4 protein chains.
Amino acid sequence: MNTATLLISCPDRKGLSAAIANFLYTYNANIIHSDQHQDESENLFLMRVEWDLADFTLDMNAFQPAFQPIADRFGMHWQVALSAQRTRLAIFVSKYDHCLVDLLHRYKSGELHCDIPLIISNHEDCRALADFYGIPYHVVEVTKDNKAEAEARQRELLQAHGVDLIVLARYMQVLSHEFTAAYPQQVINIHHSFLPAFDGAKPYHRAFARGVKLIGATSHYVTEVLDDGPIIEQDVIRISHRDDVDELVLKGRDLERIVLSRAVKWHLDRRVLVYANKTVIFS
Amino acid sequence: MNTATLLISCPDRKGLSAAIANFLYTYNANIIHSDQHQDESENLFLMRVEWDLADFTLDMNAFQPAFQPIADRFGMHWQVALSAQRTRLAIFVSKYDHCLVDLLHRYKSGELHCDIPLIISNHEDCRALADFYGIPYHVVEVTKDNKAEAEARQRELLQAHGVDLIVLARYMQVLSHEFTAAYPQQVINIHHSFLPAFDGAKPYHRAFARGVKLIGATSHYVTEVLDDGPIIEQDVIRISHRDDVDELVLKGRDLERIVLSRAVKWHLDRRVLVYANKTVIFS
Amino acid sequence: MNTATLLISCPDRKGLSAAIANFLYTYNANIIHSDQHQDESENLFLMRVEWDLADFTLDMNAFQPAFQPIADRFGMHWQVALSAQRTRLAIFVSKYDHCLVDLLHRYKSGELHCDIPLIISNHEDCRALADFYGIPYHVVEVTKDNKAEAEARQRELLQAHGVDLIVLARYMQVLSHEFTAAYPQQVINIHHSFLPAFDGAKPYHRAFARGVKLIGATSHYVTEVLDDGPIIEQDVIRISHRDDVDELVLKGRDLERIVLSRAVKWHLDRRVLVYANKTVIFS
Amino acid sequence: MNTATLLISCPDRKGLSAAIANFLYTYNANIIHSDQHQDESENLFLMRVEWDLADFTLDMNAFQPAFQPIADRFGMHWQVALSAQRTRLAIFVSKYDHCLVDLLHRYKSGELHCDIPLIISNHEDCRALADFYGIPYHVVEVTKDNKAEAEARQRELLQAHGVDLIVLARYMQVLSHEFTAAYPQQVINIHHSFLPAFDGAKPYHRAFARGVKLIGATSHYVTEVLDDGPIIEQDVIRISHRDDVDELVLKGRDLERIVLSRAVKWHLDRRVLVYANKTVIFS
């Protein structure tokens with residue numbers, strides 16, 4: 001099915017729903033999913049609506065000029081996306097390959113609606129895997145001294161391939177502020193703890209030392225502040241005193257895979273709206 | 001806040017959202033929550049919309065005649081409910097009191113938006129608890145021979161107290177078809193298994209015998225077919241070989257309490273719509 | 001069944017299991033449960049063994065002198081407890097009564113193997129509930145100025161009633177170091193977050209502000225450092241953007257009840273061993 | 001570390017623990033893990049003990065004659081396994097490759113302590129994947145008419161490769177009684193429902209039709225009765241009315257992978273004991 005998805009956020013006001021519904025009905029939209037949310041504490045209206053383009057009488061090239069007057073009236077932030085326009089996704093990876101394997105298999109099986117024009121790594125380790133899935137693999141070495149050049153090279157590659165989403169699949173380098181500022185809400189990371197607990201380095205070791213009874217994983221958009229961006233998804237798994245750090249790492253891997261893949265899938269399906277350093281997931 | 005909630009189900013058709021949104025906007029409704037669902041396999045449109053009555057310019061006594069033309073146009077099943085009109089809830093209980101204790105505490109703490117004019121039991125056991133919460137307690141003994149009279153007496157009590165929701169809080173008698181037919185989607189039961197597994201008697205014993213690794217509880221509307229009505233909520237808890245049947249019963253109690261209370265709360269908040277022997281929960 | 005439970009921790013060494021098993025066999029112990037754990041990183045051996053006293057030929061009054069030579073040989077910390085000696089538990093509560101209600105119902109239904117000689121509160125609010133369960137209720141007001149006297153009065157009450165476990169069931173006062181030092185591993189608190197995230201005040205508000213996707217609760221032994229003692233149990237529940245702070249509080253209550261009651265039950269059943277600011281739960 | 005693991009089940013009797021502990025101590029065993037369980041309802045004693053072979057003074061070739069007298073005294077079923085003797089595992093697969101991908105990645109990353117000498121399939125589809133991991137891939141076509149010959153060919157392959165564990169990774173053919181009888185407790189299947197609910201065909205479709213709020217997956221040993229063998233592991237995931245059958249299939253895949261891999265890992269680590277059509281998991 002060929003669909004369009006409209007994401008809106010704006011101050012909450014009477015008449016919003018009617019204005020949007022009337023607009024879509026005017027052009028004969030067949031609405032498939034519609035979901036909205038009012039955040040009272042922020043007086044914010046957030047909406048996701050998806051419709052079948054089969055009977056839609058407005059040429060999508062003319063959507064912007066047609067919709068803008070309504071957007072202006074209500075002071076909307078908005079974006080519209082077509083299912084036919086697949087997101088172009090780049091995966092960054094270091095040596096741990098469990099998230100990469102998982103993402104590539106989901107991609108190949110059609111679970112992730114995207115193109116993956118390239119994988120970027122600071123190591124050679126995952127090249128065979130990339131080859132198996134037929135995805136170009138670029139090694140950009142990163143050292144203490146060459147960080148700026150390395151990022152310049154990475155951004156060159158991303159631009160050359162028209163990338164609009166970057167997934168850090170256990171990529172072990174911290175991106176600079178310049179980099180993350182250039183891709184706002186376009187870089188998804190997986191952190192191997194239940195944030196805000198154990199942000200930063202070695203979360204499994206610290207979870208073991210603290211004696212927690214559950215460990216977690218968190219996927220989030222990357223911002224300037226380390227491990228502090230809007231959380232997209234989290235999950236936990238029970239552990240016991242019988243689990244040493246190695247066991248935590250193993251159990252955590254399963255969480256990392258699932259939590260990251262959910263976040264990526266929701267982003268690709270345009271189900272995520274960010275506000276106030278949080279996310280709304282229109283699931 | 002004084003609100004109205006409209007629940008709608010009808011065949012899915014273009015213009016539905018616009019028609020409803022326009023109707024509400026015409027009378028200056030301040031929409032607080034709106035949620036809709038399209039079930040493709042049934043071609044069904046389901047919606048819940050809640051609005052603040054403060055600025056609403058239509059007298060709610062005139063709602064029915066004003067809205068009926070729209071309902072007719074789209075072939076809607078619909079109902080509207082006011083937050084000010086509290087559901088009148090009766091609890092049926094036998095000897096196990098854990099669900100009753102839980103419901104009464106939630107009621108008293110304001111978590112359940114309802115009145116509880118009476119508790120009906122086939123035993124004296126829970127009378128002190130009912131007294132503590134100041135709720136009239138009626139014992140209607142049920143034997144093999146007096147079932148029809150007992151139910152007649154129960155229904156007399158329910159009608160006398162204007163009851164519109166019955167909660168079976170581990171009530172150990174099976175209601176007759178006549179009884180359940182008189183209260184369609186108005187009787188909520190808690191079954192102590194993960195339905196459809198272990199329907200019928202002694203689910204914990206059978207779960208133990210089968211060696212399952214999780215046990216569950218299910219709240220559902222009661223229909224003519226035992227343990228087969230529309231499921232409102234389910235949850236599970238992990239068990240191990242160390243748990244004997246007594247432990248399963250203990251662990252299960254916590255599930256029963258929570259699963260039943262969620263179902264009751266959602267029903268009271270008009271979040272449940274039934275179709276095709278299933279529920280939509282507008283959470 | 002009348003049982004004894006032995007809890008042991010000591011440096012791990014060969015022959016430990018054999019020495020303990022032989023000792024118990026010598027006196028004809030019928031072992032019901034036996035569980036042990038080796039913590040490699042600490043080179044520690046931890047064990048819990050429970051046996052039926054029916055056929056046991058050693059008088060339990062003579063247990064200490066009989067077992068001490070083995071304990072000395074292996075440098076054991078150990079304790080033995082009899083099921084017939086019920087722990088004497090005091091509940092501290094302020095105004096929120098949901099954990100208190102839960103604990104008292106579990107106590108009355110026989111789920112918690114203890115006596116509850118008294119409840120201490122800094123408010124009158126929960127007196128009716130205490131009366132319903134027939135448990136003496138002592139109000140000890142706590143202000144900024146009288147903290148020392150208030151704690152002196154509390155400790156007087158605890159000693160007078162022979163209390164050996166204190167459960168803080170949403171008690172909103174921080175205990176002094178003197179108090180907690182007097183009851184090492186004998187004070188169990190429930191904190192309404194997934195520790196170490198959101199320790200300290202207003203965890204639900206902070207969880208809402210951070211936009212987490214799960215909220216949690218943690219039961220732990222109280223130590224000198226706030227919210228830092230050995231964790232006994234934790235659990236989480238999923239939330240969404242639809243949940244405002246009030247909803248988090250409601251959902252959190254269910255967690256608090258269950259997480260606290262599990263911790264108390266395990267402590268009463270002598271299933272908890274503390275080491276290195278962590279717990280082993282012999283479940 | 002080079003270890004031995006002893007698994008025992010026998011009627012529960014006094015002196016069992018002492019006899020085993022003494023035997024191991026006699027030969028200077030350094031016990032790493034020891035776990036036991038008494039099933040009261042069956043009067044059964046079950047034990048798993050693992051020790052480091054470094055200091056063990058008994059040649060493992062002489063273990064059987066040395067231990068048999070104790071086994072005879074207590075009527076034990078027992079087996080001993082060496083960590084150095086890796087289980088030889090065959091994977092059966094049809095067209096769905098998500099479990100296969102998962103198992104192979106875990107195998108390669110060292111998470112599964114086994115050798116995988118071959119993969120058997122009734123289709124060509126997964127050959128490239130097998131090649132990528134360097135594992136011989138044998139296609140044995142199965143039709144209504146050739147089932148007996150096909151199984152004969154499969155068993156020939158298994159024997160030729162010394163296989164002692166078969167994992168059905170979404171293998172869509174039902175094995176004959178002759179086959180399963182030849183590999184008792186040596187065939188692990190993944191069923192895509194929460195057994196005993198939705199045994200047999202099309203469980204996701206039936207879960208959707210029934211309107212359950214959670215879906216599950218179950219790994220179990222295969223016996224003569226379809227989907228009725230001893231359950232090793234189960235897990236569930238929450239679904240909502242927004243999930244159609246395709247979504248259930250997607251969400252279920254994640255469960256299938258994890259539930260199957262846990263069962264395989266526990267079996268390989270000799271953590272599973274079967275009795276009374278159930279399993280004890282010494283985790």
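Helices and strands, as the words are used in this report, are runs assigned by DSSP, helices having at least four residues and strands at least two, and they are numbered from the N terminus. With that in hand, the report can turn to the structure above, which is a predicted model.

## A domain in chain A

UniProt, in an unreviewed entry, places the feature "domain: ACT" at residues 5-85 of chain A. In the model this span is 28% helix and 40% strand, and its end C-alpha atoms lie 11 Å apart.

## Two interfaces

Two pairs of chains are described here, chain B with chain C and chain C with chain A, and the table sets out their values.

| Pair of chains | Residues in contact | Buried area | Salt bridges | Residue pairs in polar contact |
|---|---|---|---|---|
| chain B and chain C | 23 residues of chain B, 23 residues of chain C | about 2,000 Å² | four salt bridges | six residue pairs |
| chain C and chain A | 35 residues from chain C, 35 residues from chain A | about 3,000 Å² | eight salt bridges | 22 residue pairs |

The size of an interface is often given as the accessible area lost when the parts come together. Carbon and sulfur atoms give 50% of the area buried between chain B and chain C, and they give 51% of the area buried between chain C and chain A.

## Chain B against chain C

How are the two chains placed with respect to each other? A turn of 180° and a shift of 0.0 Å along the axis lay chain B on chain C with an RMSD of 0.0 Å, and this is the relation of a two-fold axis. Within chain B, B:Phe132 has the C-alpha nearest the axis, at 3.6 Å from it. The same surface serves both copies, since 100% of the contact residues of chain B recur in chain C.

Which residues of chain B lose the most area to chain C? They are B:His105, B:Phe132 and B:Arg242, which together account for 28% of what that side buries. B:Phe132 thus appears twice in this account, as the residue whose C-alpha is nearest the axis in chain B and as one of the three that lose the most area to chain C.

The interface of chain B and chain C also has four salt bridges, and one that joins these chains links C:Arg253 with B:Glu111, their closest N and O atoms being 3.6 Å apart. On the side of chain B that touches chain C, at least two residues each come from β2 (30-39), α3 (98-108), α4 (127-132) and α8 (245-268) of chain B. Of the elements, α8(B) gives the most to this side, with seven residues. Sorted by class, the side of chain B that touches chain C holds seven nonpolar, five polar and eleven charged residues.

## Chain C against chain A

Chain C can likewise be laid on chain A by a turn of 180° and a shift of 0.0 Å along the axis, with an RMSD of 0.0 Å. In chain C the C-alpha nearest this axis belongs to C:Ala197, and the distance from the axis is 2.3 Å. Here too the same surface serves both copies, 100% of the contact residues of chain C recurring in chain A.

Of the area that chain C buries against chain A, C:Arg210, C:Lys213 and C:His241 supply 24%, more than any other three residues. Among the salt bridges that join these two chains is the one in which the side chains of A:Asp35 and C:Arg242 meet, at 2.7 Å from N to O. A further salt bridge is formed by A:Glu233 and C:Arg238, whose closest N and O atoms are 3.0 Å apart. That pair crosses between chains, from strand β11 (residues 231-238) of chain A, where A:Glu233 lies, to strand β11 of chain C, where C:Arg238 lies.

Which element of chain C gives the largest share of the side that touches chain A? It is β11(C), with seven residues. The elements that give two or more residues to this side are β2 (30-39), α7 (203-210), β11 (231-238) and β13 (278-281) of chain C. By class, the side of chain C that touches chain A divides into 14 nonpolar, nine polar and twelve charged residues.

Technical notes:
Residues are numbered from 1 along each chain as its sequence is written. Chains are lettered from A and ligands numbered from 1 in the order in which they are written. This is a predicted model: local features need pLDDT of at least 70, side-chain atom pairs count only at pLDDT 80 or more; totals for chains, interfaces and linings use all residues. Side-chain values use heavy atoms; hydrogens and water are left out. Copies are superposed by least squares on the C-alpha atoms of residues with pLDDT of at least 70 in both. Contact means heavy atoms within 4.5 Å. Buried area is the accessible area (1.4 Å probe) that two parts lose on being put together, summed over both. A polar contact is a pair of N or O atoms within 3.5 Å; within protein, one must be able to donate a hydrogen and the other to accept it, and residues adjacent in sequence count only if both atoms are side-chain atoms. Ala, Val, Leu, Ile, Met, Phe, Trp, Tyr, Cys and Pro count as nonpolar, Asp, Glu, Lys and Arg as charged, and the others, Gly among them, as polar. UniProt positions are given in the numbering used here, feature names are shortened, and annotations may be inferred rather than shown by experiment.
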